[in-house]
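Me: I have a model to read. Please walk me through it, feature by feature.

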Amino acid sequence: HIWSKIGAEHDAFIIKDRANDATWSGGLNVTTRDLARVGQMILNRGKVENEQVLPPEVFDFISNRDMRTQFL
């Protein structure tokens, strides 16, 4: 739902653990250009060209939280 809308040129690969959960510390493998597209979407608060790919509230949630407490 997101990857195709950002204009990614290559597939992304996600490394999973034995429980079939995504690895959170470096488990995403993408090309540099496709990662830059993700960064641009983040800078635009979820918007790509004229389409809102992710709701802006997602970025409010991320930026207004102390993520350190989530890892304690």
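What follows is a short dialogue on reading this model.

Reply: This is a predicted model, so local features need pLDDT of at least 70, side-chain atom pairs count only at pLDDT 80 or more, and totals for chains, interfaces and linings use all residues. Residues are numbered from 1 along each chain as its sequence is written, and side-chain values use heavy atoms, with hydrogens and water left out.

Me: How many helices and strands does the protein have?

Reply: Helices (H or I, at least four residues) and strands (E, at least two) are DSSP runs, numbered from the N terminus. The protein has three helices and four strands. Along the sequence they follow β-β-α-β-β-α-α.

Me: What share of the residues is buried?

Reply: Buried means under 20% relative accessible area, exposed over 50%, and partly exposed in between (1.4 Å probe, protein chains only). Here 11% of the 72 residues count as buried.

Me: Which residues form a nonpolar patch on the surface?

Reply: A patch takes residues with over 30% relative accessible area and no salt bridge (a side-chain nitrogen of Lys or Arg within 4 Å of a carboxyl oxygen of Asp or Glu). Nonpolar side chains (Val, Leu, Ile, Met, Phe, Trp, Tyr) are joined within 5 Å. Here the patch consists of Val58, Phe61 and Ile62, with about 260 Å² of accessible area together (Shrake-Rupley method, 1.4 Å probe).

Me: Where does Phe61 lie?

Reply: Phe61 lies in helix α2, residues 56-63. Phe61 is partly exposed, with a relative accessible area of 49%.

How values were computed. Patch = residues over 30% accessible without salt bridge, like charges linked within 9 Å, V, L, I, M, F, W, Y side chains within 5 Å.
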